[in-house]
Structures are given as structure tokens and as C-alpha cells.
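Subject: Structure handover

Hello,

Please find the structure below, with notes on what was found in it.

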Amino acid sequence: MEHMRGIMQVLRLAEKLKFEMRHSWLSNGRQESVAEHTWRVGLMAVLIEPYIEEKLDMAKLLKMITIHDLVEAEAKDVPAFDSLFDMGRKEQKQLAESTAMDNIRAMLEEEPGKELQALWLEFEAKQTFEAKVANALDKLEAQLQHNEASMDTWLEIEKEMVYLLKPHSEFHPVLDELRQVIVAEAEGKMEAHGSVQSVGLSE
């Protein structure tokens with residue numbers, strides 16, 4: 001029963017992701033939880049898989065997506081724009097999340113704990129194919145959710161961040177095509193609200 005106690009401990013921690021709010025709003029005006037974001041990143045992976053011709057370890061990809069934000073149950077969600085140009089804030093975020101993952105690993109038996117931490121570290125390193133796909137979908141889902149929210153929830157910096165997605169998706173044509181569709185939606189939304197004129201997708 002010891003392994004079940006560890007599993008239950010992690011599941012209770014994960015419940016906090018249902019009420020840990022992101023800086024994202026839904027189309028009905030409600031703020032989005034981390035758990036909701038994670039769920040749709042997983043759905044994006046399922047929907048995009050048939051179009052990825054390369055060998056893709058889908059089990060690993062879905063595991064990475066499922067656990068990569070688990071640390072935010074302890075470390076809290078930090079919006080990307082908070083650490084985008086602030087190295088000190090970025091280092092604080094990384095340390096808090098790394099400490100949280102150490103604590104999660106300790107809740108589980110040795111081998112399952114090590115596997116969970118290894119998957120999280122692989123996602124963070126963004127070097128393997130699965131980690132790159134997971135990272136791209138994570139970033140694209142965030143923009144997709146912004147597109148679906150009311151324009152008055154957007155900060156000025158988030159209008160600039162629309163054009164910072166390419167480095168995350170350009171490694172694969174299918175993911176970059178998805179980026180182009182999402183960026184085009186964002187541009188249309190901003191134009192409709194007089195925020196910017198379209199700069200196109202040639203960048």
C-alpha cells in the first residue's frame with residue numbers, strides 16, 4: 001500500500017491545478033486554470049499526431065504534457081511575460097519549479113519518481129523530438145486561448161508575444177503551419193480591435 005499512498009499524495013497535489021489560475025481567460029469570460037490548459041495541450045497532441053510523419057513516442061509525449069505543469073501546484077503559475085526579459089525572475093521560477101519537482105519525486109517510490117522527474121527535465125531541456133513537440137504545443141495552446149478570450153484581457157506585451165512563437169515551432173512544418181493559423185487568428189483579432197495592422201506570416 002505504500003506506493004498507493006505516494007500516488008494519492010501526488011493526486012491530491014495535482015487537484016490544486018484545478019484552481020491555480022493562469023493569465024488567460026476563456027471565451028465566456030472566466031479565468032483559465034492550469035489543469036484546463038494542460039488538458040487541451042494533450043488534445044492538440046492527439047489531433048496533430050496523424051500529420052507527424054517522423055517516429056513519435058506518443059506515450060512519452062502525453063506523459064510529458066500531463067506532468068510538465070504539475071510543479072505549478074507548488075511553485076504557482078508564473079506568466080511567460082513576467083520572466084521574458086527578467087533573468088532574475090526566470091532563475092527564481094526555475095529554482096522554485098525544480099524544488100517542486102524534487103518534492104514530487106520524493107512522494108513516489110524510487111523508480112516511478114525518477115521517471116517522472118526525468119520526463120519533466122526532458123521537457124525543460126527541449127532537445128528530444130517529443131520535448132520539442134510538447135513545448136511547441138504548450139506555447140501554441142496559450143496563444144490559441146488568448147485568441148478566444150476578450151481583447152480587453154490582453155496586455156500590451158501579449159500583442160508582441162504573438163510574434164515570438166516561431167522559434168518554438170519552426171523545427172517542424174506541421175507545427176509551424178499550426179502556428180501560422182493561430183497567429184493569423186491573433187492578427188485578425190487585433191486588427192478588428194484596432195490594435196495593429198497585419199504584418200503577415202512571412203517572418
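The notes cover the start of the chain, a strand hairpin and one serine.

This is a predicted model, in which local features need pLDDT of at least 70 and side-chain atom pairs count only at pLDDT 80 or more, while totals for chains, interfaces and linings use all residues. Residues are numbered from 1 along each chain as its sequence is written, and side-chain values use heavy atoms, leaving out hydrogens and water.

Strand E1 covers residues 21–25; strands here are DSSP runs of at least two residues, and helices (H or I) are runs of at least four, numbered from the N terminus. On one face of E1, Arg22 and Ser24 are buried (under 20% relative accessible area, 1.4 Å probe, protein chains only; exposed is over 50%, partly exposed in between). Met21, His23 and Trp25 point to the other face and are not buried. In a regular strand, side chains alternate between the two faces of the sheet.

E1 pairs with strand E2 (residues 31–33) in the antiparallel sense over two bridges; pairing requires that DSSP finds at least two bridges. Methionine 21 has serine 33 as its bridge partner in E2. The hairpin has five residues between the strands, and glycine 29 takes a positive phi near 95° there.

Methionine 1 sits in the segment before helix H1 (2–14) and counts as exposed because its relative accessibility is 72%.

Serine 169, in helix H10 (residues 166–169), counts as buried because its relative accessibility is 1%. Its side chain makes a polar contact of 2.7 Å with that of aspartate 176. A polar contact is a pair of N or O atoms within 3.5 Å; within protein, one must be able to donate a hydrogen and the other to accept it, and residues adjacent in sequence count only if both atoms are side-chain atoms.

Regards
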